[in-house]
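Subject: Handing over a structure, with notes on what was found

Dear colleague,

I am passing on the structure we spoke about, and below it you will find my notes. Please read them with the model open beside you.

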Amino acid sequence: RKYQSDPAETASWRKLVFAKNNAFGAVAANDLVYWANAAHTLVSVDDADSISGLNGVAGVGIGAIAASAYGWFLTYGAATLNLQAAVNAAAGDALIGSTTGKKVNVVTIATAPTHKVVGFATAAASGAGGTVATWVEIEA
């Protein structure tokens, strides 16, 4: 596995992978991506492609990655994530994968997460499919 520290920000890690071509299309900034093969070299924005369902979260899109192309995604550090529609988050809420491709769902504080935690909201966010500031810590 090839990980690289972001030279512009010492408190983040990213990985170079190949993005799978699927119905959800390319990876964009703030998109959640899932491992699509056991070698951890292929990612998809569609949880249905994940080798472990919603527990197969690989990272967060840093920028655009065309389908069937190589690109970087974040595995550790500050990020902005796309919220599932009609979901609100408070600072400290856990964020998990969502069956709505590319987005995260919210698990409120003091509630046990139902899937692998992607990170924690660092600020409140509300609204129909907005974004949430997050501290991401995804295990390799």
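How much of the chain counts as buried? Of its 140 residues, 44% fall into that class; please bear in mind throughout that this is a predicted model.

Overall fold

The chain has zero helices and 10 strands, so that reading along the sequence gives the pattern β-β-β-β-β-β-β-β-β-β. Among contacts between residues at least 6 apart in sequence, 53% join residues that are at least 24 apart. The chain exposes about 6,400 Å², and carbon and sulfur atoms supply 55% of that area.

Nonpolar cores

The largest nonpolar core has 20 residues, and those with the most contacts inside it are Leu 32, Val 60, Leu 81, Leu 83, Val 104 and Val 132. Two or more residues come from each of β3 (32–35), β5 (57–61), β6 (69–82), β8 (104–107), β9 (117–121) and β10 (131–137), and β6 gives the most, with three residues. Leaving aside residues up to four places away in sequence, Leu 81 touches Asn 30, Val 60, Leu 95, Val 104, Val 118, Gly 130, Thr 131, Val 132 and Thr 134. Another core, of 10 residues, lies apart from the largest one, and it includes Val 17, Val 33, Val 43 and Phe 73. As general background, nonpolar side chains in soluble globular proteins tend to be buried together.

The salt bridge

The structure holds one salt bridge, in which the side chains of Asp 31 and Lys 102 meet at 3.9 Å, N to O. Asp 31 lies in the loop between β2 (13–19) and β3, while Lys 102 lies in the loop between β7 (94–97) and β8, so the pair ties together parts that are 71 residues apart in sequence. You may wish to note, given the charged groups, that both Asp 31 and Lys 102 are buried. Lys 102 also appears in the backbone geometry, for in the hairpin of β7 and β8, which has six residues between the strands, Lys 102 takes a positive phi near 75°.

Aromatic pairs

The structure holds two aromatic pairs. In one of them, Trp 35 and Phe 73 are arranged edge-to-face, at 5.7 Å centre to centre and with 75° between the planes; Trp 35 sits in strand β3 and Phe 73 in strand β6, so that the pair links distant parts of the chain, 38 residues apart. Both Trp 35 and Phe 73 are buried. The other pair, Tyr 76 and Trp 135, is likewise edge-to-face, at 5.4 Å centre to centre and with 80° between the planes. Because Tyr 76 lies in strand β6 and Trp 135 in strand β10, this pair ties together parts that are 59 residues apart in sequence. Tyr 76 counts as partly exposed because its relative accessibility is 32%, and Trp 135 counts as partly exposed because its value is 26%.

Strand pairing around β7

Which way do β7 and β8 run relative to one another, and how many bridges join them? They run antiparallel and are joined by four bridges, with Val 107 in β8 serving as the bridge partner of Ala 94. β7 is also joined to β9 by three bridges, again in an antiparallel arrangement, and there Ile 96 stands opposite Val 117 in β9.

Loop residues

Two further residues have a backbone angle that you may want to inspect. His 40, found in the loop between β3 and β4, has a positive phi of about 60° although it is not a glycine, and it is buried, with a relative accessible area of 14%, because the cut-off for that class is under 20%. Ser 68, which lies in the loop between β5 and β6, has a positive phi near 60° and is also a residue other than glycine; with a relative accessible area of 41%, Ser 68 is partly exposed. Finally, Ser 52 lies in the loop between β4 (42–44) and β5 and is partly exposed, with a relative accessible area of 39%. Ser 52 and Ala 36 are 16 residues apart in sequence, and their C-alpha atoms are 8.6 Å apart in space.

With best wishes

Key: Residues numbered from 1 in each chain as written. Predicted model: local features only at pLDDT ≥ 70, side-chain atom pairs only at ≥ 80, totals over all residues. Heavy atoms only, no water. Buried < 20%, exposed > 50% of the residue type's maximum accessible area, 1.4 Å probe, protein only. Contact = heavy atoms within 4.5 Å. Areas by Shrake-Rupley, 256 points an atom, 1.4 Å probe, with all protein chains shown as cover. Core = buried A, V, L, I, M, F, W, Y, C linked by side-chain atoms within 4.5 Å. Salt bridge = Lys/Arg side-chain N within 4 Å of Asp/Glu carboxyl O. Phe/Tyr/Trp six-rings, centres within 6.5 Å; stacked < 30°, edge-to-face > 60°. Pairing = 2+ DSSP bridges.
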